[in-house]
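Open the model in your viewer and show it as a cartoon. The stops below say what to select next and what is there.

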Amino acid sequence: MAESVLITSVYAIDGALAGSAAGATAAFITTPLDVIRTRHVLFEGGMRPALSDTIHSIHKAGGMAGFWRGVMPRTVYMGLGGALYLGTYGYCSQMMMRYLS
């Protein structure tokens, strides 16, 4: 029979590392979708083209690499944001646990 484990606190460094890894991974994986969405929304001109036309124009202009434009800044930005967010949560959680006990 498995024993249940009660976790009473989240360490700030653990939260920061988990947040950084999660944010960076999500940003890296979703970059092509973000590039497509951004180009589609920021289309200048008359009527907005179909989504398939936006995808085709990105591929035509930059090949497969065109879908990965800006991957490093986005990955770093989201990694830092995740670290700050969950690191702060972990720190505040520690402070509340000390205050309440």
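How many residues does α3 have, and how far does α3 reach from its first C-alpha to its last? Select α3, residues 71–100, in what is a predicted model. The helix has 30 residues and reaches 43 Å between those two atoms, close to the 44 Å expected at 1.5 Å a residue.

**Stop 1: the buried residues of α3**

Keep α3 selected and show side chains for V71, T75, G79, G82, A83, G87, G90, S93 and Q94, which are buried. An α-helix has 3.6 residues a turn, so residues three or four places apart point the same way. What covers the buried residues of α3 includes α1.

**Stop 2: α1 and its kink**

Now select α1, residues 12–41. A straight helix of 30 residues would span 44 Å at 1.5 Å a residue, but α1 spans only 38 Å between its end C-alpha atoms. Center on T31: a kink of about 55° lies there, shortly before the proline P32.

Color the buried residues of α1 next: G15, A16, G19, G23, A24, A27, T31, P32, V35, I36 and H40. T31, the site of the kink, is thus one of the buried residues. The buried residues of α1 pack against two helices, α2 (51–62) and α3.

**Stop 3: α1 against α3**

Two packed helices are described by the angle between their axes and the distance between the axes. Show α1 and α3 together: they pack at an angle of about 150°, with their axes 6 Å apart. The two helices are therefore roughly antiparallel to each other, the cut-off for that term being over 145 degrees. Their crossing is right-handed.

Two residues of α3 are worth selecting here. R74 lies in helix α3 and counts as partly exposed, at 22% relative accessibility; buried would need under 20%. Not counting residues up to four places away in sequence, R74 touches A26, A27, T30, T31 and D34. T31 in that list is the residue at the kink of α1. As a distance check, R74 and Y89 are 15 residues apart in sequence and 22 Å apart in space, C-alpha to C-alpha.

Then move to L86, also found in helix α3. L86 is partly exposed, with a relative accessible area of 27%. Beyond residues up to four places away in sequence, L86 touches G15, A16, A18 and G19. Of these contacts, G15, A16 and G19 are among the buried residues of α1. The C-alpha atoms of L86 and A65 are separated by 32 Å, with their positions 21 residues apart along the chain.

**Stop 4: the segment before α1**

Is Y11 buried, partly exposed or exposed? Select Y11, found in the segment before α1. At 49% relative accessibility, Y11 counts as partly exposed, as exposed requires over 50%. Show its contacts: leaving out residues up to four places away in sequence, Y11 touches G90 and Q94, both of which are buried residues of α3. Measure from Y11 to Y89 and the C-alpha atoms are 9.1 Å apart, although the two residues are 78 apart in sequence.

**Stop 5: α2 across α1**

Select α2, which has 12 residues and reaches 17 Å from its first C-alpha to its last, close to the 16 Å expected at 1.5 Å a residue. Add α1 to the view: the axes of α1 and α2 come within 10 Å and cross at roughly 110°. The pair is therefore roughly perpendicular, and the crossing is right-handed.

Which residues meet where α1 and α2 come together? From α1 they are V35, I36, R39 and H40, and from α2 they are L51, T54, I55 and I58.

Zoom in on T54 in helix α2. T54 is buried, with a relative accessible area of 4%. Apart from neighbours within four places in sequence, T54 is in contact with I36, R39, H40 and P49. The C-alpha atoms of T54 and F67, 13 residues apart along the chain, are separated by 11 Å.

**Last stop: the end of α2**

Finish at G63, just after α2. Check its backbone torsions there: G63 takes a positive phi of about 65°.

Key. Residues numbered from 1 in each chain as written. Predicted model: local features only at pLDDT ≥ 70, side-chain atom pairs only at ≥ 80, totals over all residues. Heavy atoms only, no water. Helix = DSSP H or I, 4+ residues; strand = E, 2+ residues; numbered from the N terminus. Expected span 1.5 Å × (residues − 1). Bend = angle between axes of the 7 residues up to and from the residue. Buried < 20%, exposed > 50% of the residue type's maximum accessible area, 1.4 Å probe, protein only. Contact = heavy atoms within 4.5 Å. Axes fitted to C-alpha atoms, helices over the stretch in contact; angles between N-to-C directions. Parallel < 35°, antiparallel > 145°, perpendicular 65-115°, else oblique. Left-handed = near helix turned anticlockwise from the far one by under 90°.
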